[in-house]
Amino acid sequence: MGDVLEVGEKKVDVDEDGFIQKWDDWDEDVANALAKTEDVNELTKEHWVVVNYLREYYTQYKIAPMIRLVLKETGKRLGQDKAVSNKYIYDLFPSGPAKGACKVAGLPKPTGCV
Amino acid sequence: MVSEKIEAPILTGSITVPKIKENASIDQKCHHAAEKHMEKLGFPGVKPVDWKEKALKKMKELLKKYRSLKVYLDTCVRCGSCADKCHYFLGTGDPKNMPVARQELFRKIYKRYFTVEGKVLGGLTNAEDLTEEVLEEWYTYFHQCSQCRRCSVFCPYGIDTAEISMAAREIMDSIGVGQKYCNEVLGKVYDLGNNLGMPGPALRNTLDFFEEDIQETTGVDVKLPLDVVGAEVLLVSPSADFFSAPHVDSLVGYAKIFHKAGISWTLSSYASEFANFGMFIGSYAVMKKVATRILDEARRLKVKRLIVGECGHAWRVGYSFWNTLIGPLDFLDPKYPIPQHICEFSLDLVNSGAVKFDKSANDEFTVTYHDSCNVARATRMGDKPGGQFEIPRALIRACCNKFVDMPDDVNREKTFCCGGGGGLLTEEIMDLRVKGTQPKAQALKDLMESHQVNLMVMICAICKAHFSHVLPHYGIPMETVGGVHQLINNAIVL
């Protein structure tokens with residue numbers, strides 16, 4: 001089930017919600033294409049801070065980091081001494097950390113009561 | 001996806017019965033479960049050629065097994081009391097979302113194949129053949145029922161639409177027609193012990209974060225223990241408590257209250273989920289398998305007590321079904337309720353003076369409470385009737401100064417579903433979910449304007465997740481949504 005996301009010459013399998021199916025299909029171009037499906041026109045430096053962290057965490061733990069880790073680590077990587085707000089993430093990714101940010105980062109869609 | 005258009009009804013100031021709009025929500029269909037999700041739960045991966053015979057055989061089996069189902073199908077006199085009681089009907093105006101009409105989808109097939117008048121008179125008695133079209137209708141509208149049972153409160157016969165919707169889903173699963181959201185999640189519980197699919201090391205890493213965070217913010221060394229053999233209490237919580245906002249704030253509240261009470265406790269990486277979507281899909285076998293993880297882990301960890309976190313439908317499973325599903329849990333200490341709700345546990349500590357709150361820590365909030373449907377209408381809490389209403393409220397009042405209750409027509413046993421319960425917490429039906437939230441959003445908005453309410457707390461992970469995503473469509477900020485133990489987290493004196 002699912003669909004295909006066209007990224008230049010490349011065709012990437014996505015599920016019904018537009019999440020990529022294979023971890024290895026992801027690259028920067030795919031991320032940009034995924035971002036457009038999430039009403040994010042351009043991935044800025046701030047977006048990449050979040051995306052890179054999600055990918056690093058997933059590589060180690062096989063799941064997205066929980067919300068407070070995202071907020072704290074993003075703050076840290078931006079050189080701030082405190083966590084960013086939930087709103088900061090929603091401003092970057094309108095459908096939120098679990099759906100929008102994870103999709104752009106090429107993670108599977110978080111499931112459950114999230 | 002964000003781009004899809006969601007139409008939030010305008011909040012007018014009162015809950016009114018909408019004009020009928022045929023097929024208004026017929027396009028709101030849940031994704032189908034893939035073959036792999038189906039087979040993992042023991043269901044056929046695809047629909048067999050003889051699906052109709054198999055479906056009727058399953059229906060026959062259920063009618064025999066659940067006398068209540070047959071009684072509900074036989075009893076309805078079409079009085080119409082339920083017609084305007086469903087939030088999805090009030091939000092969409094689709095007449096198939098009237099509970100009586102939803103039941104009728106099932107009843108017409110039951111009549112056709114299992115009653116004399118239906119066999120003889122057919123359509124004259126509202127009986128109908130089971131066809132592909134009927135099956136499609138079933139799939140759509142039995143996945144537009146959040147099994148909240150509000151309609152049954154108003155039914156003079158107490159007909160329980162949720163039970164009919166569960167049976168319909170069970171029949172559909174038995175012929176390879178399942179829903180992705182529930183079945184995928186249940187597969188993750190089979191594999192990893194929780195709905196999120198969070199492996200043990202990630203859970204430990206998450207708990208480490210909270211230990212450090214509590215230390216940094218309070219200077220107190222509060223532990224969130226995991227897999228500790230011999231702990232007094234096993235706490236089983238919805239896994240969203242390890243992942244999402246605002247859920248995580250309640251988790252920290254639980255940890256602080258255990259710390260202050262000086263009671264040894266543990267979470268488990270094997271039984272890391274209280275939720276049990278087996279109930280939503282009507283499968284006793286799946287529900288039992290999911291619940292058994294908790295039984296096995298309680299034995300392995302040699303705990304004396306089972307306490308459960310803020311999760312609405314799972315409280316129904318735990319409170320009403322565990323005893324027959326996985327019981328008797330007679331190896332646990334009989335001095336305490338089995339299982340015990342975290343709210344009851346916390347309130348006992350407040351009443352005995354073992355924990356104290358600085359209520360002023362919550363002074364920025366004027367708080368209201370949302371009764372979650374399964375807690376309100378399918379369970380009790382504590383040792384008095386109505387405890388499921390009074391205990392959470394007593395706890396809230398103990399830790400904050402400003403509490404305003406919801407109006408009677410949307411409160412306690414008459415509460416409205418958040419709009420995302422019963423296995424419908426999935427994005428592809430977001431338009432339905434937003435519309436179904438209208439009645440509760442209406443009541444909340446009124447309280448926000450009349451009493452400056454700015455926080456609505458609850459004890460259900462689905463409600464928290466759903467409201468957080470949906471209320472912004474009504475112009476209500478997501479920070480308005482919180483958990484009861486979030487207030488404790490703020491106010492407890494460590």
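The following exercises, each with a worked solution, concern a predicted model.

**Exercise 1.** Describe how strand E1 of chain A is joined to strand E2 of chain A, and find the bridge partner of Glu6(A).

*Solution.* Begin with the two strands themselves: E1(A) covers residues 3–7 and E2(A) covers residues 10–14, and the two run antiparallel, joined by five bridges. Within this pairing, Glu6(A) has Lys11(A) of E2(A) as its bridge partner. Finally, turn to the link of the hairpin, where two residues lie between the strands and Gly8(A) adopts a positive phi near 60°.

**Exercise 2.** Characterise the side of chain B that touches chain A, by helix and by residue class.

*Solution.* The count comes before the details: 24 residues of chain A are in contact with 33 residues of chain B. On the chain B side, at least two residues each are supplied by helix H10 (180–192), helix H11 (200–218) and helix H20 (461–470), and the largest share, five residues, belongs to H11(B). Sorted by class, this side of chain B comprises 21 nonpolar, eight polar and four charged residues.

**Exercise 3.** Work out the order of strands E5, E6 and E7 in the sheet of chain B, and explain why E5(B) and E7(B) each have one side without a neighbour in the sheet.

*Solution.* The three strands form an open sheet with parallel pairing, in the order E5-E6-E7. Strand E5 (367–369) and strand E7 (481–483) of chain B therefore stand at the edges, and because each has a single partner strand, one side of each lacks a neighbour in the sheet. Neighbouring strands of the sheet are turned against each other by 40° on average, direction ignored. For a closer look at one pair, take E5(B) and E6(B) (residues 455–458), which pair in the parallel sense over three bridges, with Val367(B) standing opposite Leu455(B) of E6(B). Across E5, E6 and E7 of chain B lies helix H21 (residues 484–491), which runs at about 75° to E7(B).

**Exercise 4.** Classify the packing of helix H12 of chain B against H21(B), and identify the residues that make the contact.

*Solution.* The axes of H12(B) (residues 247–261) and H21(B) are 7 Å apart, and the packing angle is about 55°. The two helices are therefore oblique to each other, and H12(B) passes H21(B) in a left-handed crossing. Residues making the contact include Val252(B), Tyr254(B) and Ile257(B) of H12(B), together with Val484(B), His485(B) and Ile488(B) of H21(B). By class, the residues of this contact divide into five nonpolar, five polar and two charged.

Definitions and conventions
Residues numbered from 1 in each chain as written. Chains lettered and ligands numbered in written order. Predicted model: local features only at pLDDT ≥ 70, side-chain atom pairs only at ≥ 80, totals over all residues. Pairing = 2+ DSSP bridges. Helix = DSSP H or I, 4+ residues; strand = E, 2+ residues; numbered from the N terminus. Contact = placed C-beta atoms within 7 Å. Nonpolar A, V, L, I, M, F, W, Y, C, P; charged D, E, K, R; others polar. Axes fitted to C-alpha atoms, helices over the stretch in contact; angles between N-to-C directions. Parallel < 35°, antiparallel > 145°, perpendicular 65-115°, else oblique. Left-handed = near helix turned anticlockwise from the far one by under 90°.
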